[in-house]
Structure formats: structure tokens, C-alpha cells
Amino acid sequence: MSVEDRSSVIGNAGIAEAAGRIHALDSIRGIAAFIVMLWHCFNSVCYDQMWQGVLVLMSPLRILVDGTAAVVVFFVLSGFVLSLPYFEGRPPLYRHFLIRRFCRIYFPFAAAIFFAICVYAVVDRNFPQGAIWLNGDFPALYIPPSFAVTPEMVIRHLLMIGYSMDVVLDVPMWSLIHEVRISLILPLLVMACRHRWLGFALVAGLTVVTSSIDWRQIDEFIVFPTDPLTVFSSAFATAFCLPYFLWGILLAKHRRHIASILARLSHAKLTLLWTVVAVIFFLYNTHDKRTLLSLAATMLIALTLSSPTASSVLRRRVFQWLGRISYSLYLLHIPVLFAAIHILHAYLPWGIVLTIGCAGSLLAATAMCALVEVPSIRLGKKLTGLGGIRPRRPPETP
């Protein structure tokens, strides 16, 4: 493949619905959602089986159970995908963007919340004391027997307030809340990144500010950034996630230049870059090292789009399927795992219980994708018509 052909993989990539999707990125999102599910499964056993947990964390398998890195990939992907139409000369009308985004995100989210309520209503939560970590060591799957769902709680969840007690029905929604907030100001972020240096200055400034604050000393946080307790801490948590979006936006802006650079690299140098990405994902999963994680996520997307081999692999059916159900899988896996663990823990070995929980999560996600997600996307398109895109102008060059 010539340099021009290789560089066109990123340079000519379009995300606008009229031009199609970048299927390799859908697959990356699906794999990331699957890793988040494995991460919660891993955390369900590592408290009682510490030696097994250490073995996993000391091996390359750690990449498969690093939910932190997966969420960072989500944010960077969102920044890239949502901003690419602006740099392709096809910026959507803001009101149409909001309508489609609302339909795309909110209706599946609301369905997942009501699904979780049904699960918690019918599943017996009387776990034997000291049996496993589900008695409270890991809150994502811990719902105490005295827990009661109230109308006020449901409303606060549906309003996406984001405080620590307003995500208990489905803990993964914490990252969705920050993504929704950042999406609302996406045009402003794109406008800032159009400037030659302002985008990089924003990334650097926000990274320095959020990294220099020892969030563990802030009383408003329990486990940052999933558990803000005040308006300030909730806003700070969103600001903490902003740099990830900006990395994706800057990648969308400079994609052609990056593609031309990668196209000129030898196979050995490209292999080295892939190795660097893998090493960063393997080594760094703490809050104060997420700058490196965001860099690795950005490199992962750029390398994937510039690699015909990676794109070909990620276009396989199993990865495309994971990509299609990724959002539903992210939303549903916690209540499904919760049900499987609480119903089956007394009858089956732990590994089989988790396998059934994962399989059930995939099936539930497939069903919700077909019954809720796809109709929601169609509704958004119907409400905004076939238009919603401003008159085309020449794509930007870095």
C-alpha cells in the first residue's frame, strides 16, 4: 500500500451519518465495554482470592481487566467521533445535534435504570455475612438488604444529577453523566481547538490543574470521580474528564497530518508504537497517571485507523457485534451480574456464575440494542429530518 493510500485511511475517514461510520472505532468501543464488564467480574473475586488477582495484575491479562483505561478510551473516542464532522466541513446544527444526542443516549439509559429497578425488586439481597466482597467492599454490585428504591431516588437518577447516591442503581452511569455534560459544550471545545495552539493549551492547563490537586484529600469525594457529593465536586469531576475529550478533538483536527506521519514510518517503528501503547495500558491505571492513558488511547485510535491490518481484524463480525451493543452492554452488565451472583452463588462455582452473568449481559445488551437503542437512534433522525447539517465547507487542514 502506498504512502498516499495509507494516509487516506485517517484523512478521508468520515463519521457523519450520511457518509457512514468508521467500523473499526465501533469495535474498539465494543471491546472497551467488554473490558469494563470483565473488570467488574475481576473485582468480584480479587477480594477473596488475592493471589489470583495479583497473578492477573502482574501479567498481560491486566489489560483485559483495566476498566479505568477502557473508560478513558470511551472519552477520547467520543471527542474524536463527535467533533470529526466539524473538521470535515459538515458541522451539524446545534439543536439537531442535541436532539439526536438526547435520543441516542437518554432513552437507552432510562430503560437501563428501570431494568435495574426491576432486578433489585425481585432478587433476594440477603447475602451471608462475610461470604464475599458483595457485603460492601466493592460498591458496584453491593445493594444492602435494607435498600429501598424510592420515587425521589428514581427521579434523581433520571435527571443525571450525578451525586454518589444518585448512581447506585447503575454505577457505570457516572461516566455517562460527564459525557453528556461535555457534549453540551462540544461546539465551544471545537471552536477552541480550531485555534492553532489554544486546544493544546487547554489540554495542558486542565491536565496540570486536575493532576496537581490531591483529590483524595477533598472531603467531597469518596472514590473520585465516581462519587461526588456536592455541586462543586461534581463539576470538578466533569472538568477532570475534559482533557480526554480534547485529545479526541485534537486527533480529529490533525488526523491528516498524523496519517501522513504514520504512513511514512517503517514496520518496525509502527510495531514499536503499538508496543508503547500496550505498555502504557499495562503499567498505568491510577488517577494521577491518566495523562499517559489519554495519550495511549489517542495513539490507539490513530494507529488503528492507519493500519489496514488492525482495521480488517476489527471489522470481523464478533467485534462489530460488540460495537453495536457496546452502549447497552455498558449500561446493563451491572444489574445482570448482580442478579446472576445473588441467585446462583449458593449453587454453582464462582467462575461458572460469572460466566453465566457475562453471557446474560451480552444477551440482554443485544435485546436492548434492538428494542430500545436502534429505535431511539431512528427517532432522533426522524425528529431532525434528513438535514441537520450546515452547508458543506472545505475540510480543515492542520
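## Salt bridges and what they join

A salt bridge is a side-chain nitrogen of Lys or Arg within 4 Å of a carboxyl oxygen of Asp or Glu. In this predicted model, glutamate 373 and arginine 104 form such a pair, and their closest N and O atoms are 2.9 Å apart. The pair links distant parts of the chain, since glutamate 373 belongs to helix 16 (residues 350–384) and arginine 104 to helix 5, with their positions 269 residues apart in sequence. The two partners can also be described by how much of their surface is accessible: glutamate 373 is buried, with a relative accessible area of 1%, whereas arginine 104, at 25%, counts as partly exposed.

By the rule given above, the count comes to 6 salt bridges. One of them joins arginine 29 to aspartate 26, with the closest N and O atoms 3.3 Å apart; both of these residues lie in helix 2 (residues 23–46), 3 residues apart, which is about one turn of the helix, and both are buried. Elsewhere, Glu88, Arg255 and Arg256 are linked in a network of salt bridges. As a general point, side chains of opposite charge can pair when their charged atoms come close.

## The chain as a whole

The chain has 16 helices and 0 strands, and buried residues make up 53% of its 398 residues. Among contacts between residues at least 6 apart in sequence, 79% join residues that are at least 24 apart. The chain exposes about 18400 Å², and carbon and sulfur atoms supply 68% of that area.

The count of disulfides comes to 0. Two of the cysteines can still be placed by their accessibility: cysteine 241 counts as buried at 1% relative accessibility, and cysteine 369 counts as buried at 11%.

## Glutamate 179 and arginine 101

Glutamate 179 is found in helix 7 (residues 173–184), while arginine 101 lies in helix 5. These two residues form a salt bridge in which the closest N and O atoms are 2.8 Å apart, and the pair links distant parts of the chain, 78 residues apart. Are the two partners buried or exposed? Glutamate 179 is buried because its relative accessible area is 12%, under the 20% cut-off, and arginine 101 counts as buried at 16% for the same reason.

The surroundings of each partner can be listed if neighbours within four places in sequence are left aside. Glutamate 179 is then in contact with Phe75, Ser78, Arg101 and Phe245, and its C-alpha atom is separated by 7.2 Å from that of phenylalanine 75, although these two residues are 104 apart along the chain. Arginine 101, for its part, is in contact with Ser78, Leu82, Tyr106, Glu179 and Ser183, so that Ser78 appears among the contacts of both partners.

## Leucine 242 and a nonpolar surface patch

Leucine 242 lies in helix 10 (residues 231–253) and counts as buried at 13% relative accessibility. Not counting residues up to four places away in sequence, leucine 242 touches Ile182, Ile185, Leu189 and Leu206. Leucine 242 and glycine 79 are 163 residues apart in sequence, yet 9.4 Å apart in space, C-alpha to C-alpha.

Ile185, one of the residues touched by leucine 242, also belongs to a nonpolar patch on the surface, which is formed by Tyr94, Leu184, Ile185, Leu188 and Met191 and has about 480 Å² of accessible area together. Within this patch, tyrosine 94 has its place in helix 5 (residues 94–122), and tyrosine 94 is partly exposed, with a relative accessible area of 33%.

## Glutamine 320 and methionine 160

Glutamine 320 has its place in helix 15 (residues 317–344) and is buried, with a relative accessible area of 13%. A polar atom of the glutamine 320 side chain lies 2.9 Å from the backbone oxygen of histidine 23. With residues up to four places away not counted, glutamine 320 touches His23, Ala24, Ser27, Leu314 and Arg315.

Methionine 160 is found in the loop between helix 6 (151–158) and helix 7, and methionine 160 is buried, with a relative accessible area of 12%. What is the sign of phi at methionine 160? The phi of methionine 160 is positive, at about 55°, although this residue is not a glycine. For comparison, most residues other than glycine have a negative phi.

Key:
Residues numbered from 1 in each chain as written. Predicted model: local features only at pLDDT ≥ 70, side-chain atom pairs only at ≥ 80, totals over all residues. Heavy atoms only, no water. Helix = DSSP H or I, 4+ residues; strand = E, 2+ residues; numbered from the N terminus. Buried < 20%, exposed > 50% of the residue type's maximum accessible area, 1.4 Å probe, protein only. Contact = heavy atoms within 4.5 Å. Areas by Shrake-Rupley, 256 points an atom, 1.4 Å probe, with all protein chains shown as cover. Disulfide = S-S within 2.5 Å. Patch = residues over 30% accessible without salt bridge, like charges linked within 9 Å, V, L, I, M, F, W, Y side chains within 5 Å. Polar contact = N/O pair within 3.5 Å; in protein donor to acceptor, adjacent residues only side chain to side chain.
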